[in-house]
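Let's take a friendly walk through this protein and its salt bridges. Have the sequence and the model open as you read.

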Amino acid sequence: MPPARWKILETDDTVKSPSPALTMKAAVLIQRWYRRYMARLEMRRRYTWNIFQSIEYAGEQDQLQLSSFFSFMLDNFTQLTGNGSDLISQLLDPVVDPWLDREICYNLIPVPESYTGPRLSFPLSVSDTNALLSAFKEQQTLHARYVLQLLYETKKLLKQMPNIIHLSTSYTNEITICGDLHGRLDDLLLIFYKNGLPSAETPYVFNGDFVDRGKKSMEVVSLLFAYLLLYPDYMHLNRGNHEDHIMNLRYGFTKEVMQKYKTHGREILQLFQDVFSLLPVATVIDGKILIVHGGISDQTDLDFLSSIERHKVKSALRFPRRSLEQLDIGHSCKRMRSTAGSRPSSHSKNQLRKTRQDSAASTSSSSSSSSSSSSSFCSPRTPSCLSPRPCPSSPSMPYTINVLQVPYLDSLSSVPPPPPPPQHDREWRQVVDILWSDPKPQEGCSPNTFRGGGCYFGPDVTRRLLLRHGLQLLIRSHECKQEGYEFCHGGQVITIFSASNYYEEGSNRGAYIKVGRELVPRFYQYQVSRTTRKLTLTQRVRVAEGSALKALKEKLFTHRSELLSSLQQYDQNNTGCVSVSDWAQAFESVLRLDLPWRTLRPHLARLAPDGSVDYQSCFEDMEPGIPLAQVTPNMAETLFRYRTDIEIIFNIIDKDHSGLISIEEFRHTWRLFSAHLGVDVDDRAVDDLARSIDFNKDGSIDFTEFLEAFRVVHKLDNKEQLNGKTAGGKCS
């Protein structure tokens, strides 16, 4: 190229080069845009997290409400009606077959030659645990004979263990502490891969919640129990609030066991119930670090906790028995007895409503003056604990409570207090606090209203307990954290959570802690995902946000009538529109999820031309799974809302897990549950519904199909499925 050409190019470059001031201005603009972009992304990530957590805790409140109803019925059903309740007894106080306490319980079960899974021999060896590990990686199922033997041997070992395990780092370099796993086998396998298998050189403490929610709970808990038997001095398991047979009914473990072990599932579940109740409740390292699943309260006493008979607390949701005479509620029970068998009249409903309003008012005034929290199960931000959620408050609608409420544990605080609690009651309260409590930044101790059980404990409560027992750190789990761990209370409390992708792919990391002789915790994070690594941060947030909003819209659909009733109080002219402020207030008063409704509004409802909210648009995206013309709107919404509770009761009735119950059992179930909810449903409507879902007219109901009819379906999903089927049909 000639020199002249070089000169021309050099001149052009000089002309095009920007000035330093212009470059700086562009850099500032890009930086400002990026910061705003990241701030918006962080805002979306935070409200997505809040949605997931609020809906999770609302589900736990529903479970506590159902359990409290069962407990009350079991304790007082004979006094109310003169008859026992086989259904409730079977759920809460199942009779353990003595056959399960003898070795022949598993020796009599043959293992066929066709079985290709691991064959365990006891006492276990390293080759047995390796075979179990390999089998689970290959999606194999352990035979029922070996499951029963594993549980039997674990039960024998746990009976010899104290309530609080004391460990020392003088015998090992480091101790690894893991949080909730919730049936995530991939997380457990990744921990073992990164950190090493349990052994004398690699001791572990797993801090509860091994089961429920995930699909591999059986595999996770089997591995943990196997390593506990192999290395009892180096493998340690604390009990979590999900090591509880009543929690397992709602959150999946019971269903998983019955599906994987159709023949011996009930025997396996009975042994699990015993084993879970025998798990230690706390671990102490070097006398300085306390490890419990949930937390503490201002009543927690580690010395007393060491002396309790922990196996008596089969379920933390099983409230200690209290007689009607002791609680002075005989009159209310007589009213319940007169209305239990039939639909209450309008006169009796008004009386009950007035009684509950008076009770709520007195409860509110008494609770405000109470300073002690101890362990309690209570409903979210309502004066009457563990009751169905009240109708929403509005400018022209007074606060009311649903009728036919059962007097639950904390709603009895308005009656004169009983004598000091007996030993069993005090033991139960100590265990509930350890399994269910959460830390809070404010001082003091108060009932955990958001989760529904246990306490919120402040930094002062933590300081007092650590000082009293010469401790310096509290490690707990029980709460999902985005980074897998979190400090609070000035670094004196650490939350550790080991189930990554807990809510959705990419929603959170898992983590575990390693503690050496210097007692300084070191954190290791990870994320099990085959797809998340390929996604950008924006894509991960978008996926999680979509899933959270979908779950929230389902919640709106199941409370549609309450929401509309509350919104119409603000819409005096029936325009179908309300202000954004009124819309947000109505939503929070009904759902009580403590969410940023104004921020979420663009995802949930359209704005009218004048800037008000078209509140009918909130429900346009959803529809029922299978429309049934015979179901009244009132009953349909009740079935949508309490679908999970009804499924639990159905599964209890369906003893052989055939998926079928008789029409008479269906009627009995619905009457029992409608009394629990205080729902005014005519018996004829129940009969019509039963007949309509008896599709082949054989007198039995396939309740899987029944529950499918009352599943909220997103219209967009239906369209996508329809388009997929159409495309598939064209291809073929």
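Here is a short report on the overall fold and three charged pairs.

This is a predicted model, where local features need pLDDT of at least 70, side-chain atom pairs count only at pLDDT 80 or more, and totals for chains, interfaces and linings use all residues. Residues are numbered from 1 along each chain as its sequence is written, and side-chain values use heavy atoms, with hydrogens and water left out.

The protein has 27 helices and 21 strands, taken as DSSP runs (H or I, at least four residues, for helices; E, at least two, for strands) and numbered from the N terminus. Of its 732 residues, 55% are buried; buried means under 20% relative accessible area, exposed over 50%, and partly exposed in between (1.4 Å probe, protein chains only).

The whole structure holds 25 salt bridges, each a side-chain nitrogen of Lys or Arg within 4 Å of a carboxyl oxygen of Asp or Glu. Among them are these:

| Acid | Base | N to O distance |
|---|---|---|
| Glu 42 | Arg 45 | 2.8 Å |
| Glu 219 | Lys 260 | 2.9 Å |
| Asp 438 | Arg 476 | 2.7 Å |

Glu 42 and Arg 45 sit three residues apart in helix H2 (residues 20–81), about one turn of the helix. Glu 42 is partly exposed at 24%, and Arg 45 is partly exposed at 27%.

Glu 219 forms its salt bridge with Lys 260. Glu 219 belongs to helix H8 (residues 217–230) and Lys 260 to helix H10 (residues 253–260), so the pair ties together parts 41 residues apart in sequence. Glu 219 is buried at 4%, whereas Lys 260 is partly exposed at 26%.

Asp 438 pairs with Arg 476 in a salt bridge. Asp 438 lies in strand S7 (residues 438–439) and Arg 476 in strand S10 (residues 473–476), so this pair links parts 38 residues apart in sequence. Asp 438 is buried at 2%, and Arg 476 is buried at 0%. Both belong to one network of salt bridges with shared partners, including Glu 56, Arg 213 and Lys 481.
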